[in-house]
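Q: I have a structure to go through with you. Could we take it piece by piece?
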Amino acid sequence: MLAYDMLANAIDEYIKIGESTTIESLKRFCCAIVEVFAEQYLRSPNANEVAILLHVGKERGFLGMLGSLNCMHWKWNNCPTAWVGQYAGRSGTPTIILEAVGDYDLWI
């Protein structure tokens, strides 16, 4: 679902498992990713790590940069009708934007 931006019921047709099983598996996968990687990658940097990131940015010609900003637009299928205009993206359909900053070492 994440890699191919597919709905749960489309996965059902492709690999022959039910929609509820697909959703439950995705939830377990996401929880496992957070459990495994949160301590190292999904936390705020300490003062020493900020200094290292600023130094690396300076060496690459980007003074004061901690990392690179990346944005992903996700289609919001269940957007309330009253909010559709506020969240309409370039495609004309409502989207939610996930923003993350990552450094050279893949630290989010």
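Q: Is Leu 42 buried, partly exposed or exposed?
A: Leu 42 counts as partly exposed, at 40% relative accessibility. Partly exposed lies between buried, under 20% relative accessible area, and exposed, over 50%, with a 1.4 Å probe and protein chains only. This is a predicted model, in which local features need pLDDT of at least 70 and side-chain atom pairs count only at pLDDT 80 or more, while totals for chains, interfaces and linings use all residues. Residues are numbered from 1 along each chain as its sequence is written, and side-chain values use heavy atoms, leaving out hydrogens and water.

Q: Where is Leu 42 placed?
A: Leu 42 is in the loop between α2 and α3 (47-59). Helices here are DSSP runs of H or I with at least four residues, and strands are runs of E with at least two, numbered from the N terminus.

Q: Which residues form the nonpolar patch on the surface?
A: Leu 42 is one of them, together with Leu 2, Phe 29, Ile 33, Val 34, Val 36, Phe 37, Met 72, Trp 74, Ile 96 and Leu 98, and the patch has about 990 Å² of accessible area (Shrake-Rupley method, 1.4 Å probe, only the protein chains shown counting as cover). Patch residues have over 30% relative accessible area and no salt bridge (a Lys or Arg side-chain nitrogen within 4 Å of an Asp or Glu carboxyl oxygen), and nonpolar side chains (Val, Leu, Ile, Met, Phe, Trp, Tyr) are joined within 5 Å.

Q: Which element gives the largest share of the patch?
A: Helix α2 does, with 5 residues. α2, β1 and β2 (95-102) each supply at least two.

Q: What is the span of α2, then?
A: Helix α2 (residues 19-41) has 23 residues and reaches 31 Å from its first C-alpha to its last, close to the expected 33 Å (1.5 Å times one less than its number of residues).

Q: Where does α2 bend?
A: α2 bends by about 35° at Glu 35, taken as the angle between axes fitted to the seven residues ending there and the seven starting there.

Q: New topic: how many aromatic pairs are there?
A: A search of the whole structure finds 3, where rings of Phe, Tyr and Trp (its six-membered ring) pair if their centres lie within 6.5 Å; planes under 30 degrees apart are stacked, over 60 edge-to-face and the rest tilted. Trp 76 and Trp 83 form a tilted pair, 6.1 Å centre to centre with 55° between the planes. Trp 76 and Tyr 87 are edge-to-face, at 5.1 Å and 85°.

Q: What does the pair of Trp 76 and Tyr 87 tie together?
A: Trp 76 lies in the loop between β1 (68-75) and α4 (84-87), and Tyr 87 in helix α4, so the pair ties together parts 11 residues apart in sequence.

How values were computed:
Patch = residues over 30% accessible without salt bridge, like charges linked within 9 Å, V, L, I, M, F, W, Y side chains within 5 Å.
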